[in-house]
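Work through these short exercises on charged pairs and one helix. Try each task before reading its solution.

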Amino acid sequence: MVEQSMKYINAYDPEIARVLELELKRQRTHLELIASENMVSPEVMAVMGSVLTNKYAEGYPGHRYYGGCEYVDLAENICIERAKMIFDAKYANVQAHSGSQANFAVYLALCKPGDTVMGLDLNMGGHLTHGSRANFSGKTYNIVPYGVNPETGRIDMDQVREIALECRPRMIITGASAYPRAIDFKAFGDIAKEVGAYLMVDIAHIAGLVAAGEHQSPLPYADVVTMTTHKTMRGPRGGIILTNDGAIAKKIDSAMFPGTQGGPLMHIIAAKAVALGEALHPKFREYQHQIVTNAAVLAQTLLEGGMELVSGGTDNHLMLLDLKNSEVSGKELEIRLDSVGITANKNMVPNDPRKPAETSGVRLGTPAVTSRGLKEAEMRQIGGLICDAVNDFDAKRKDIEEQTAALCERFPIYESKFKA
């Protein structure tokens, strides 16, 4: 299906067709270990390129500002109901173009400019929209960050409570972009109630794990939950907002439209519905369990190979390789790995002595390689290759490249053996 599509495009725009061909080749010949990336099913991809892209549908089902929306209304309602079912929520807004826009809508709905908001520091594993000074969140709101314990690499809930009692925030945000441990949503909920704050939980990275019961759900404790539909959910790029509070639901609807965006992307909403439909199948639970198992095995292999990991391991789909005590920087290791067919991303680690452009960490995740069908044995093999890339790259480079190529050949994507 993918190659047929490229042949069709080649007849009209060979320049773009060439880009697609090159990217497909890169994906086929590289093991994807970027924790925020995954591979959608051919069915999800097909709906993203469907006729629904032609329809403008400002507003919500049954309340549009355009005519001819009766069928896209069906698609959006299907998406909403599936999201509510999977996450046991009373309300879902599925229109956000991204997780960042979902977060933006929550800020707009629940806070005023200048309000105090607590969020996990970006350098400690948080996200740009949780209060980075370079982001709208840090520019618009009074952000009071919290971090991780420097000795354990874990969020210190006693410290979070102390900060909350001192600054009395309007909203507390938890969730992360590079935090390898399970988050205690109940503890955050208790603190938010104690100080009279809203609790927003951003499960962008772990949404699939939550959906499959591999991580505690935040819905019983949070006022509002945001998520992305790619990453562990293995759907199109987009966002969803969930809540069980009717009053907050109305504010979210207004904040999304007309507050932050105009017409929703109906082809993407329909593709979200397809991905959510996939998440309702038992195989999705098996897939999420394998993601976590693969991550645990990869982390253990790295530790046994002499590597250091932030917090000493992982509870979810990702881990942070800590290179503070290595001559190899995160940037250098990213470049080394990419040159031999392993894609990862440099990342700051807590109390990083190197600059953000260099970093002392590399973030590794297992969702995409699990989609390819790799399991424990392959995780141990990959862990060994990463250790070789750190310790003896010049001597081992050819061997790493050959082993990576062999794995890619054994586990092809968008062919008969694709596991999505």
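**Exercise 1.** Find the acidic partner of arginine 181 and say where the two residues sit.

*Solution.*
- Step 1: Arginine 181 forms a salt bridge with aspartate 315 (a side-chain nitrogen of Lys or Arg within 4 Å of a carboxyl oxygen of Asp or Glu). The closest N and O atoms are 3.0 Å apart.
- Step 2: Aspartate 315 is in the loop between β11 (308–309) and β12 (318–322). Arginine 181 is in the loop between β7 (171–175) and α8. The pair links distant parts of the chain, 134 residues apart. Helices (H or I, at least four residues) and strands (E, at least two) are DSSP runs, numbered from the N terminus.
- Step 3: Arginine 181 counts as buried, at 9% relative accessibility. Aspartate 315 is partly exposed, at 30%. Buried means under 20% relative accessible area, exposed over 50%, and partly exposed in between (1.4 Å probe, protein chains only).

The model is predicted: local features need pLDDT of at least 70, side-chain atom pairs count only at pLDDT 80 or more, and totals for chains, interfaces and linings use all residues. Residues are numbered from 1 along each chain as its sequence is written, and side-chain values use heavy atoms, leaving out hydrogens and water.

**Exercise 2.** Which parts does the salt bridge between glutamate 194 and arginine 161 tie together?

*Solution.*
- Step 1: The closest N and O atoms of glutamate 194 and arginine 161 are 2.6 Å apart.
- Step 2: Glutamate 194 lies in helix α8 (residues 185–195) and arginine 161 in helix α7 (residues 157–167), so the bridge joins parts 33 residues apart in sequence.
- Step 3: Glutamate 194 is partly exposed, at 38%. Arginine 161 is partly exposed too, at 38%.

**Exercise 3.** Explain the spacing of lysine 186 and aspartate 190.

*Solution.*
- Step 1: Their side chains meet in a salt bridge, 3.1 Å from N to O.
- Step 2: About one helical turn separates the two, because they are four residues apart in helix α8.
- Step 3: Lysine 186 is partly exposed at 40%, and so is aspartate 190 at 39%.

**Exercise 4.** Which residues of helix α13 are buried, and how are they arranged?

*Solution.*
- Step 1: The buried residues of α13 (residues 330–339) are Gly330, Leu333, Arg336 and Leu337.
- Step 2: Seen down the axis, they fall within an arc of 125 degrees, so they line one face of the helix. The arc is that of the directions from the helix axis to the C-beta atoms.
- Step 3: Glycine 341 follows α13, with a positive phi near 90 degrees.
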